[in-house]
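Q: Please take a close look at a single part of this structure, namely its final strand and the elements that surround it. A connected account in formal terms would be appreciated.

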Amino acid sequence: MAGNPMVTGRQPVGIRVGRRRAEENGEPGGAAGRRTPEGSLLRSMFRRLALAAIAPAAAVLFFASPAQAATPVTTMQADIAKLTNVQRKSHGCGAVTVDAKITKAARAHSAWMAKTGAFSHSGSGGSTFSTRLKAAGYKKPGGENIAWGYRSANEVVQGWMKSPGHRANILNCKFKTVGVGAAYSANGTTYFTQDFGF
């Protein structure tokens, strides 16, 4: 289920696509946590069809294929950072550099979402992306994108680029640094966090 962007300061706007889901947050705050679906195939199909009826112009259905071999999270994290810079360059922004402190915070948040099944910008203990980055030692947090269910770096970056709020974070030319975290849940679902800094 992809592209459920949340831009702080505005009402949440949602689009779900297939099994993928993504969120972004440019400032502290956002919607309450969500649980990922673990229900039956029939319930999953019903949700997909109901959503397609609600937002036909905004959604394209993607049906999941059988599980593929897991890509190492460090490979996905590096690929997401590279693909983010490809997008930034093609839209006139300078490259963001990978920051170890931001990466540490992003990895921890992805691991927390994978462990708990929660999909939210609010993390462990009610933390926000801003408090997580500052706790990791990074002083100028900028924004956050999160997603779950994508199988590759390319899929998640393309999903974010199709969502106005995520796209705005990726193409914010004022951002100078990035950190990406990816983690697998026990059932193999991947959770992603992309944090930016000034």
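A: The account below begins with the model as a whole, then turns to the strand, its partners and the links elsewhere in the chain.

The model is predicted, and its confidence should be read first. The mean pLDDT of the chain is 76, and 65% of the residues reach 70 or more. Two stretches fall well outside that group. Over residues 1-20 the pLDDT stays under 50, although the model has 79 contacts beyond four places in sequence for them. Over residues 27-68 the pLDDT likewise stays under 50, and here the model has 59 contacts beyond four places in sequence.

As for the overall layout, the secondary structure comprises six helices and seven strands. Read along the sequence, these elements follow the pattern β-β-α-α-β-α-β-α-β-α-α-β-β, which ends in two strands. Of the 198 residues in the chain, 45% count as buried. The exposed area of the chain is about 9600 Å², of which carbon and sulfur atoms supply 60%. Among contacts between residues at least 6 apart in sequence, 68% join residues at least 24 apart.

The strand in question is E7, which spans residues 190-197. Strand E7 is mostly covered, with eight of its eight residues buried. The cover extends to both faces of E7. On one side lie Thr190, Phe192, Gln194 and Phe196, and on the other lie Tyr191, Thr193, Asp195 and Gly197, all of them buried. The buried residues of E7 thus include Asp195 as well as Phe192 and Phe196.

Strand E7 has pairing partners in E5 and E6. With E5 (residues 141-148), E7 pairs in the antiparallel sense over seven bridges. Within this pairing, glycine 143 stands opposite phenylalanine 196 of E7. With E6 (residues 177-184), the sense is again antiparallel, and the pairing runs over eight bridges. Here threonine 177 stands opposite glycine 197 of E7.

Strands E6 and E7 form a hairpin with five residues between them. In this hairpin glycine 188 adopts a positive phi near 95°. Glycine 188 is placed in the loop between E6 and E7. At 42% relative accessibility, glycine 188 counts as partly exposed, whereas the residues of E7 are buried. Glycine 188 can also be located relative to arginine 151: the two are 37 residues apart in sequence, and their C-alpha atoms are 9.9 Å apart in space.

The partner strand E5 leads to a charged pair. Side chains of opposite charge can pair when their charged atoms come close. In this model the count comes to one salt bridge, formed by glutamate 144 and arginine 132 with their closest N and O atoms 3.0 Å apart. Glutamate 144 lies in strand E5 and arginine 132 in helix H4 (residues 129-135), so the pair ties together parts that are 12 residues apart in sequence. Both ends of this salt bridge are covered. Glutamate 144 has 0% relative accessibility and counts as buried; arginine 132, with a relative accessible area of 11%, is buried as well.

The other partner strand, E6, leads to a covalent link. A search of the whole structure finds one disulfide, and this disulfide joins cysteine 93 to cysteine 173 with an S to S distance of 1.9 Å. The link is left-handed, with -70° about the S-S bond. Cysteine 93 lies in the loop between helix H2 (73-90) and strand E3 (97-98), and cysteine 173 in the loop between helix H6 (164-170) and E6, so the disulfide ties together parts that are 80 residues apart in sequence. The C-alpha atoms of cysteine 93 and cysteine 173 are separated by 5.0 Å.

The two cysteines differ in cover: cysteine 93, at 8% relative accessibility, counts as buried, while cysteine 173, at 37%, counts as partly exposed. Leaving aside residues up to four places away in sequence, cysteine 93 touches Arg88, Leu171, Asn172 and Cys173.

Taken together, E7 is a strand with both faces covered, paired in the antiparallel sense with E5 and with E6. Strand E5 contains glutamate 144 of the salt bridge, and the loop between H6 and E6 holds cysteine 173 of the disulfide.

Technical notes:
Residues are numbered from 1 along each chain as its sequence is written. Side-chain values use heavy atoms; hydrogens and water are left out. Buried means under 20% relative accessible area, exposed over 50%, partly exposed in between (1.4 Å probe, protein chains only). Helices (H or I, at least four residues) and strands (E, at least two) are DSSP runs, numbered from the N terminus. Two strands pair if DSSP finds at least two bridges between them. pLDDT is the predictor's confidence in each residue, from 0 to 100. Contact means heavy atoms within 4.5 Å. A salt bridge is a side-chain nitrogen of Lys or Arg within 4 Å of a carboxyl oxygen of Asp or Glu. A disulfide is a pair of cysteine sulfur atoms within 2.5 Å. Accessible areas come from the Shrake-Rupley method with a 1.4 Å probe; for residues, only the protein chains shown count as cover.
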